[in-house]
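Grab a coffee and work through these exercises with the model open. Each one sets a task and then walks through the solution.

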Amino acid sequence: MDAAAEELDIVIAGGGISGLATALALHRKGIRSVVMERSEALRATGAGIAILTNGWRALEELGVASKLRQTALLVQGIGEARCLKRSDLIKALAEDLPPGTIRFGCQILSIKLDDLSYFPILQLSNGKLVRSKILIGCDGANSVVADFLGLKPTKVFPLCAVRGYANYPHGHGFSTDLVRLRKGNVMSGRVPIDNNLAFWFVVQRLYPRDSKAFKDPELIKELCLESIKDFPRERIELIKNCDLNSLSLTTLRYRAPWEILLGRFRNGCVTVAGDAMHVMGPFLGQGGSAGIEDAVVLARCLSQKMNSVGQLASNASEDHILWQQIGEAMDQYVKERRMRLVWMSTQTYLTGKLLGTSSMFVKLCILMVLVLVLPSPLYHTRYHCGRL
Ligand SMILES: Cc1cc2nc3c(=O)[nH]c(=O)nc-3n(C[C@H](O)[C@H](O)[C@H](O)COP(=O)(O)OP(=O)(O)OC[C@H]3O[C@@H](n4cnc5c(N)ncnc54)[C@H](O)[C@@H]3O)c2cc1C
């Protein structure tokens, strides 16, 4: 055993939406965890995020729904839907955690299992080692934890998304619904956050020239205006009006539905949640909510199997029992989540392929599959992840 290694009960890799939601869900069940986030501060890239009925149910379980509801208008026509500022969501999840839960500047480089106990040992970028009883990988689409589990690297649609806010100090006067418009392979959407702030996005083909724009908001704006030059004036004005600081350009990644159906999402006491498990195209507006649902289900499964992770782990024979119980809890979590995620990833995969192809034949085939195979258009919002 390495004498220098720090011992922790539960480590969550990544302090994005799903990492923070998982830490909060565990905290609500009286279970302590440590979130290791490689950035130096909380990040909220992407301006706004739509949370649909199922996402609000999960946020209710985490006890943060009421305060978040006050920050955003109700969007008409799709159950309870609101578009939140990402920073509001991240802040609401983080501020209810006990002090010291999040460690910034803490990147996990690699993971191995202890030869004797089979619990994970983490190698950090600052040279330190951490031994933990449980590791939950919420480290996004390029996850080291998913890598450790043997999951295939996530793939990229030939598409990118530009997102931002436009601020109207005297009120935008937009209707409170999600307005989407598609011309060829470009899709644009607009939804109000409150009476002054509107979130917009443009999904378009990804061209090699776009890679130059990733970190340059002026260039992102220019490219975006170029792609929507045939759109109505109101849509062009929205982008001209945008807050440059809120702009981001993102390539769209996915984990294929068949990989979600067959993937091994647990090894020993290590599992994944959020985009690390199921990154999907943004076409349903569900990736973030699915990560919050993961958090509720995982914390419920873990808490049902163990009352106190720390106490059980006092000697080698108890370690063995603990290892088994954690494994059973994680298997239950994966079982509960798998088919829910397969359906959503199938729909987003097909929609991404539809937007990414120029072949009319392929488009027609995809449309037929979408109509024939998938349940009603809003089936994904009716899901309830259950009580925490
Ligand atoms: C264009 C677009 C629009 C979207 N719109 C919506 C929407 O309207 N509604 C919705 O619900 N979802 C939406 N999504 C999906 C949603 O944004 C994601 O599903 C969600 O942000 C994923 O959160 P996460 O915490 O799993 O991953 P991330 O947000 O990627 O967070 C991962 C965190 O882990 C950290 N990290 C990574 N590696 C390590 C490491 N080795 N060690 C330590 N830390 C590490 C990163 O710094 C990061 O903070 C959209 C996505 C896109 C691309």
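**Exercise 1.** Find which residues the ring pairs link into a cluster.

*Solution.* Start with the criterion: rings of Phe, Tyr and Trp (its six-membered ring) pair if their centres lie within 6.5 Å, and planes under 30 degrees apart count as stacked, over 60 as edge-to-face and the rest as tilted. Follow the ring pairs and you land on a cluster of Phe-157, Tyr-254, Trp-258, Phe-283 and Tyr-349. A quick word on ground rules: this is a predicted model, where local features need pLDDT of at least 70, side-chain atom pairs count only at pLDDT 80 or more, and totals for chains, interfaces and linings use all residues. Residues are numbered from 1 along each chain as its sequence is written, and side-chain values use heavy atoms, with hydrogens and water left out.

**Exercise 2.** Count the aromatic pairs in the whole structure, then classify the pair of Tyr-118 and Trp-323.

*Solution.* The search of the whole structure turns up seven aromatic pairs. For Tyr-118 and Trp-323, the centres are 6.1 Å apart and the planes make 55 degrees, a tilted pair. Next, place the partners: Tyr-118 is in the loop between strand 7 (108-113) and strand 8 (120-124), while Trp-323 is in helix 12 (residues 316-356), so to speak a link between distant parts of the chain, 205 residues apart. Helices (H or I, at least four residues) and strands (E, at least two) are DSSP runs, numbered from the N terminus.Now check exposure, where buried means under 20% relative accessible area, exposed over 50%, and partly exposed in between (1.4 Å probe, protein chains only). Tyr-118 has a relative accessible area of 45%, which makes it partly exposed, and Trp-323 is partly exposed too, at 25%.

Try one more pair: the ring centres of Phe-199 and Phe-201 are 6.2 Å apart with planes at 40 degrees, so this pair is tilted. Both Phe-199 and Phe-201 are buried.

**Exercise 3.** Which residue has its charged end over the ring of Phe-119?

*Solution.* The test is NZ of Lys or CZ of Arg within 6 Å of the ring centre and within 35 degrees of the ring normal. Lys-133 fits, with its charged end 5.2 Å from the centre of the Phe-119 ring. Over the face of Phe-231 you'll find Lys-183, at 6.0 Å from the ring centre.

**Exercise 4.** Describe the shell around the ligand, then how much of the ligand the protein buries.

*Solution.* Count a residue if one of its heavy atoms lies within 4 Å of the ligand. That gives 31 residues, the closest being Ser-18, Glu-37, Ala-50, Arg-86 and Asp-275. By type, the shell splits into 11 nonpolar, 13 polar and seven charged residues. Here Ala, Val, Leu, Ile, Met, Phe, Trp, Tyr, Cys and Pro count as nonpolar, Asp, Glu, Lys and Arg as charged, and the others, Gly among them, as polar.

Then look at backbone N or O atoms: one from Ile-17 lies 3.1 Å from a ligand oxygen, and one from Gly-288 lies 2.9 Å from a ligand nitrogen. A polar backbone atom of Ala-50 is 2.9 Å from a nitrogen atom of the ligand. Finally, the ligand taken alone exposes 1000 Å², and the protein buries 88% of that (Shrake-Rupley areas, 1.4 Å probe).

**Exercise 5.** Where is Thr-348 found, and which backbone oxygens lie by its side chain?

*Solution.* Thr-348 is in helix 12 and is buried, with a relative accessible area of 2%. A polar contact is a pair of N or O atoms within 3.5 Å; within protein, one must be able to donate a hydrogen and the other to accept it, and residues adjacent in sequence count only if both atoms are side-chain atoms. A polar side-chain atom of Thr-348 lies 2.9 Å from the backbone oxygen of Met-344, and the backbone oxygen of Ser-345 is 3.2 Å from a polar atom of that side chain.

Note on methods: A residue is near a molecule or strand if one of its heavy atoms lies within 4 Å of it.
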